[in-house]
Amino acid sequence: MTRTRTQVGIVGAGPAGLTLGHLLHLQGIDTVVLEDRSREYVEARVRAGVIEQGIVDLLTAAGAGERLRREGLVHHGIELQFAGERHRIPLSDLADGRTIVIYGQTEVVKDLIALRLESGRPLHFDVDDVSVHDLDTGRPLIRYRHEGRDAEIECDVIAGCDGFHGICRPSVPAGVLSEFSREYPFGWLGILAEVAPSNDELVYAHHERGFALLSLRSPELSRLYVQCRPDEDLAEWPDDRVWEELQLRLGLEGWTLAEGPIVEKGVTGMRSYVCEPMRYGRLFLAGDAAHIVPPTGAKGLNLALHDVQVLAESITHLVETGSTTGLDAYSDTCLRRVWRAEHFSWWMTQMLHRPEEQDAFDLKLQLSQLRYVTSSPAAATALAENYVGLTSL
Ligand code: FAD
Ligand code: PHB
């Protein structure tokens, strides 16, 4: 058994864990990052693509935004499509000039891994049997196996950044956390295709066959989604069927959706979930480990990085002053933003998706909401400020 010590033990090398490790490194604070998948797997996992301006600023200030600034695509608006028409929401005009940047989560993760390796601080991939102990003491422990050996790290603080299916949240004793959740009868079938995006801005489409989204990753790569069942069998979706469905749902008179080779395809179920508080003793949960939003609001990655920004400041305060005031406020501070994003993501989801058996009254309400949000500056502003990320919360 190898025994080591660190100030902060970080479980999970997704965007939350890697960003936290980097922010703490900049403060001279020791961390060990443990990841149960391989580096190749983590770097290739296609997920989010929309980054709020506040998060771009955070990564830039931390020296992790160099390629993001160079290669990220700045967008000033999105489009909502319904009843055969597209309507633009001019995000920047409505939200004090703020923008979003299109830059794949895969690229954020690659940039952060490169910085971590450069720092020389430990980041272990392919670890097994990770477990956390003594969480209600001042010296919590992480145990794991790596390269055939058992290891134990004594920490001052443990950050549970291990995503929704990780081990940190389930390690909290029963009865401590309150859970709030909603399952949706929808999933998203997402593809990455080697074809130039057919529109300059994202298109969120409400259609009688179900929701569809046109997004992108670069001038050569399109990212597209169609609403499906949460347990949809990918085998029933050969490439031709995916394109056919996208053509039907995104199609408009005088506009064509260009097709190209599909290089990635996957199904994601949709859920909303929050646990409160985002802490137990010296274990702090951040990102998807503590909360999930349906992807319609493009908030998951952004929330994860907001959490670790707050956590890094709180841990730095502890190290510099010995005071736990920051850490004691961590959960409440994060949950204010989390619940705003939960509401926004739920609202976007219920406005745009079609249940298999839709009540005629509900459909009328959706269309009325879409008309309102695309015609009233007040309603459009509410969408815009949430989408680009609220500055004060
Ligand atoms: P994760 O990315 O899940 O990282 C957790 C890490 O912990 C993983 O690497 C995992 O392998 C590791 N791990 C798990 N268990 C263990 C263990 N026991 N020991 C060690 N390591 C472990 N968000 C947006 O903001 N904008 C979008 O446009 C957007 N689009 C999305 C589209 C899709 C299809 C999906 C699925 C998600 C989307 N999201 C989006 C959400 C976003 O991807 C997540 O919210 C984000 O990945 C959360 O980061 P995280 O670091 O908290 O968790
Ligand atoms: C994406 O590009 O993957 C994407 C964009 C917007 C969303 C969700 C995902 O709401």
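The following questions and answers concern a predicted model and its two ligands, helices and backbone geometry.

Q: Which residue places a polar side-chain atom 2.6 Å from an oxygen atom of ligand 1?
A: The shell around ligand 1 holds 32 residues, and its closest members are Glu35, Arg45, Gln105, Asp288 and Leu301. Leu301 approaches an oxygen atom of ligand 1 through a backbone N or O atom, at 2.7 Å, and Asn302 also does so through a backbone N or O atom, at 3.3 Å. The polar side-chain atom at 2.6 Å from a ligand 1 oxygen belongs to Glu35.

Q: How much of the accessible area of ligand 1 does the protein cover?
A: Polar pairs with oxygen atoms of ligand 1 include one from the backbone of Leu301, at 2.7 Å. On its own, ligand 1 has 1,000 Å² of accessible area, and the share covered by the protein is 90%.

Q: Which element supplies the largest share of the shell around ligand 1?
A: Two helices, α1 (15–26) and α8 (300–321), each give at least two residues to this shell. The largest share amounts to four residues, and the element that supplies it is α8.

Q: How many residues of the shell around ligand 1 are nonpolar?
A: The shell consists of 32 residues. Ten of them are polar and eight are charged, while the nonpolar residues number 14.

Q: What distance separates the end C-alpha atoms of α8?
A: Helix α8 runs over residues 300–321, and Gly322, with a positive phi near 80°, follows it. Because each residue should add 1.5 Å, the 22 residues of α8 are expected to span 32 Å. The separation in the model agrees with that expectation, at 32 Å.

Q: Over what arc around the axis of α7 do its buried residues lie?
A: Helix α7 comprises residues 239–250, and its span of 16 Å between first and last C-alpha is close to the 16 Å expected. Its buried residues are Val242, Trp243, Glu245, Leu246, Arg249 and Leu250. They lie on the same side of α7 because the arc they cover is only 165°.

Q: Which exposed residues does α7 carry on the face turned away from its buried side?
A: An α-helix has 3.6 residues a turn, so residues three or four places apart point the same way. In α7, the buried set includes Val242 and Leu246. The face turned away from the buried side carries the exposed residues Asp240 and Glu244.

Q: Which residue has a polar side-chain atom 2.7 Å from an oxygen atom of ligand 2?
A: Among the 14 residues around ligand 2, those that come nearest are Tyr204, Ser215, Arg217, Tyr225 and Pro295. Pro295 places a polar backbone atom 2.8 Å from an oxygen atom of ligand 2, and a polar backbone atom of Thr296 lies 3.4 Å from a ligand 2 oxygen. The side-chain atom at 2.7 Å is contributed by Arg217.

Q: What share of the exposed area of ligand 2 does the protein bury?
A: The backbone of Pro295 supplies one polar atom 2.8 Å from a ligand 2 oxygen. Taken alone, ligand 2 exposes 280 Å², of which the protein buries 96%.

Q: Which element gives the most residues to the shell around ligand 2?
A: By class, this shell has eight nonpolar, three polar and three charged residues. Strands β16 (212–218) and β17 (221–228) are the elements that give two or more residues to it. With three residues, the element that gives the most is β16.

Q: Is Thr325 buried or exposed?
A: Thr325 is found in helix α9, residues 325–352. Its side chain makes a polar contact of 2.3 Å with the side chain of Ser323. Since exposed residues have over 50% relative accessible area, the 53% of Thr325 makes it exposed.

Q: Which residue does a cis peptide bond join to Glu276?
A: Most peptide bonds are trans. Here a cis bond, with omega about -10°, follows Glu276. The partner is located in the loop between β18 (262–276) and β19 (279–280), and is Pro277.

Q: What is the relative accessible area of Asp96?
A: Asp96 is in the loop between α5 (91–94) and β8 (100–102), and its phi is positive, near 55°. Asp96 counts as exposed because its relative accessible area is 73%.

How values were computed: Residues numbered from 1 in each chain as written. Chains lettered and ligands numbered in written order. Predicted model: local features only at pLDDT ≥ 70, side-chain atom pairs only at ≥ 80, totals over all residues. Heavy atoms only, no water. Near = heavy atom within 4 Å. Polar contact = N/O pair within 3.5 Å; in protein donor to acceptor, adjacent residues only side chain to side chain. Areas by Shrake-Rupley, 256 points an atom, 1.4 Å probe, with all protein chains shown as cover. Nonpolar A, V, L, I, M, F, W, Y, C, P; charged D, E, K, R; others polar. Expected span 1.5 Å × (residues − 1). Buried < 20%, exposed > 50% of the residue type's maximum accessible area, 1.4 Å probe, protein only. Arc of directions from axis to C-beta.
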